[in-house]
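Open the model in your viewer and keep the selection tool ready. We will go from one stop to the next, and at each one I will tell you what to pick.

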Amino acid sequence: MQFRPLAKRDLPALAQMYTYYALHTVYTYYCYPASASYMGELFKGRGHLCAVATEEDCAIGYVHIAPSFSFSRKRCTVAVYLQPEFTNRGIGPQLVQYGESMARSFGYQIIRAGVCSENVRSQAMFMHLGYAYAGEKKNDGYKFQRPLDTRYYEKDLTLQESSHA
């Protein structure tokens, strides 16, 4: 497995992957099939960074860093998705760490993940990677005929960077 920058040729595979999560899980609150052009639009704009995990040069997952600037610090969000057959292999944490490295290089100081309260595996992954619980937003989404809450996890990338020096 390798990581590389997102290429246009990856978009159909990412759309297929995201469609699975949109239609069958609460991992995203989006609930429609995703197209390659929809995925391309998600990753566009200043401060958006995206990399894919590949196996035999086929995209099996991605990490997306998106800007979320505040008044005092540069903040970003992180999202990670894997093809369902590639979960439980330790790829998700590697993608998050790769995303953190991209975010640091871009100058982001705080990284935040928003996770549905029902997605306990992702919550555990972020906690294991040193993210701190930062709050919860009740009734943040609605899917499968029920309201969904979002839990937030944050990490200070400046502290993480200095602790590795």
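A crossover is called right-handed if, with the strands pointing away from the viewer, the path from the first strand over the helix to the second runs clockwise. Helices (H or I, at least four residues) and strands (E, at least two) are DSSP runs, numbered from the N terminus.

Before you start, note that this is a predicted model, in which local features need pLDDT of at least 70 and side-chain atom pairs count only at pLDDT 80 or more, while totals for chains, interfaces and linings use all residues. Residues are numbered from 1 along each chain as its sequence is written, and side-chain values use heavy atoms, with hydrogens and water left out.

**Stop 1: the crossover.** Select β4 (75-82), then α3 (residues 91-106) and β5 (residues 110-116): together, β4, α3 and β5 form a right-handed β-α-β unit. β4 and β5 are parallel, with 3 bridges between them (two strands pair if DSSP finds at least two bridges between them). Show arginine 75 and you will find isoleucine 110 of β5 opposite.

**Stop 2: the other neighbour of β4.** Now add β3 (58-67). This strand runs antiparallel to β4, and 7 bridges join the two. One pair to display is tyrosine 62 with its bridge partner in β4, tyrosine 81.

**Stop 3: the largest nonpolar core.** A nonpolar core here is a set of buried Ala, Val, Leu, Ile, Met, Phe, Trp, Tyr and Cys residues joined through side-chain atoms within 4.5 Å; buried means under 20% relative accessible area, with a 1.4 Å probe and protein chains only. The largest one has 25 residues, and Ile65, Val78, Ile111, Phe126 and Tyr131 have the most contacts inside it. Helix α3 gives the most, 5 residues. Centre on isoleucine 65: its contacts (heavy atoms within 4.5 Å), beyond four places in sequence, include Val78, Met102, Ala103 and Ile111. A second, separate core has 14 residues, among them Ala15, Met39, Phe43 and Cys50.

**Stop 4: helix α1.** Select residues 11-24 and check the ends: 14 residues at 1.5 Å each should span 20 Å (the length is 1.5 Å times one less than the number of residues), and the end C-alpha atoms are 20 Å apart, which agrees. The buried residues of α1 include Leu11, Leu14, Met17 and Tyr21, and their cover includes α2 (36-42) and β6 (132-143).

Is threonine 19 of α1 buried or exposed? Threonine 19 counts as buried because its relative accessibility is 15%. Leaving aside neighbours within four places in sequence, threonine 19 contacts Pro33 and Ala34.

Methods:
Buried < 20%, exposed > 50% of the residue type's maximum accessible area, 1.4 Å probe, protein only.
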